[in-house]
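Colleague: I have this one open on my screen and would like to go through a few spots with you. Can we take it piece by piece?

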Amino acid sequence: MSEKKKQKQKPGVREARLSVLLAEDEESFIDALQIGLRAEGFDVTVARDGVEALQAFDEGSFDLILLDMMLPRMSGLDVCRSIRGSSDVPIIMVTAKSEEIDTVVALEIGADDYVTKPYRLRELVARMRAVLRRRAAEPAAEEGDGFEVIELADVKLELDRRRAMVREEEVHLRRKEFDLLAILMENAGRVLTREVLIDRIWGSDYIGDTKTLDVHIKRLRAVIEVDPKSPVMLTTVRGVGYRFDGKAPNA
Ligand code: CA
């Protein structure tokens, strides 16, 4: 594979204030976050329940969404799922300690990261900036700009168009899933360590925990493997990392 040129033609890191949708129902959090985030340079729009959050999302234009897991009328998970049906806007879930199982689900359905209450404003802002930075660094999909294709075993990736085909059928992969699969396929036959994968996909400033990687691998297997419980393409090298086995027989 030739080296992919990463030209950042996007407006990219804007100097203008960034706009955040805060979906939260606890007034004490709302007050503190409005003040804190505004001081950090964010414009804040508040939605106090899940339905209001979706309405605000449809009507507005946001750089990032802070989404409380437990919201009246519609849960944060359902809001996240609904938004992901149409948008890749960065989403950070806000959870309570007791909701950690939901956190895994949230990552599976496409949330970018999560913070657990109680958190400090500084931690939250660091995560927001990290998510926004990673997003800005991602190359924009360019239409009709030639094809860069990787095809191995049952999987074909069109890198420029960010299209994935499995056994001749187009499948939907989320942004990070696509990036992860592309890196593994570009290095087919080689083991990539967890550290390398996390660094390449989430960036060296990633401060979440490593189960995020496992969640993405699991999702990828569910999409590409004939039997996700006995993967033959995306294999685990215990204690080290993961490997894409390009010589796996087509099923
Ligand atoms: Ca809540």
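Modeller: Here are some questions and answers about a metal site, a helix and two loops.

Modeller: Please keep in mind throughout that what you are looking at is a predicted model.

Colleague: Fine. Which protein donors does the calcium ion have?

Modeller: The calcium ion has D25 and D68, each through an OD atom, and M70 through its O atom as protein donors, and these lie 2.0 to 2.3 Å from the ion.

Colleague: And how are the donor residues spaced in sequence?

Modeller: The spacing reads D-x42-D-x1-M.

Colleague: Is D68 buried or exposed? And M70, buried or exposed?

Modeller: D68 has a relative accessibility of 3%, and because buried means under 20%, D68 counts as buried. M70, by contrast, has a relative accessible area of 54% and is exposed.

Colleague: Switching to α4, which residues are buried there?

Modeller: In α4, which spans 100-108, the buried residues are T103, A106 and L107. When the helix is viewed down its axis, these buried residues fall within an arc of 95°, so they line one face of α4.

Colleague: What do the buried residues of α4 pack against?

Modeller: They pack against two other helices, α3 (76-84) and α8 (211-224), and against the strands β4 (91-95) and β5.

Colleague: What follows α4?

Modeller: G110 comes after the helix, and its phi is positive, near 115°. The loop between α4 and β5 (113-116) also holds D112.

Colleague: Is D112 buried or exposed?

Modeller: With a relative accessibility of 9%, D112 counts as buried. The side chain of D112 makes a polar contact of 3.0 Å with the side chain of R84.

Colleague: What else is D112 in contact with, leaving aside its neighbours within four places in sequence?

Modeller: Besides R84, the residues in contact with D112 include V89, P90, I91 and L107, and also V131, R134 and R135. L107 is one of the buried residues of α4 that came up earlier.

Colleague: Last topic, R190. Where does R190 lie?

Modeller: R190 lies in the loop between α6 (175-186) and β10 (191-193). Its side chain is joined to that of N187 by a polar contact of 2.5 Å.

Colleague: Which residues is R190 in contact with, leaving aside its neighbours within four places in sequence?

Modeller: Those are Y242 and R243. R190 and R243 are 53 residues apart in sequence, while their C-alpha atoms are 5.8 Å apart in space.

Conventions. Residues are numbered from 1 along each chain as its sequence is written. This is a predicted model: local features need pLDDT of at least 70, side-chain atom pairs count only at pLDDT 80 or more; totals for chains, interfaces and linings use all residues. Side-chain values use heavy atoms; hydrogens and water are left out. Donors are N, O and S atoms within 2.8 Å of the metal (3.2 Å for Na, K and Ca); water is not among the atoms, so sites may look incomplete. Buried means under 20% relative accessible area, exposed over 50%, partly exposed in between (1.4 Å probe, protein chains only). Helices (H or I, at least four residues) and strands (E, at least two) are DSSP runs, numbered from the N terminus. A polar contact is a pair of N or O atoms within 3.5 Å; within protein, one must be able to donate a hydrogen and the other to accept it, and residues adjacent in sequence count only if both atoms are side-chain atoms. Contact means heavy atoms within 4.5 Å. The arc is that of the directions from the helix axis to the C-beta atoms.
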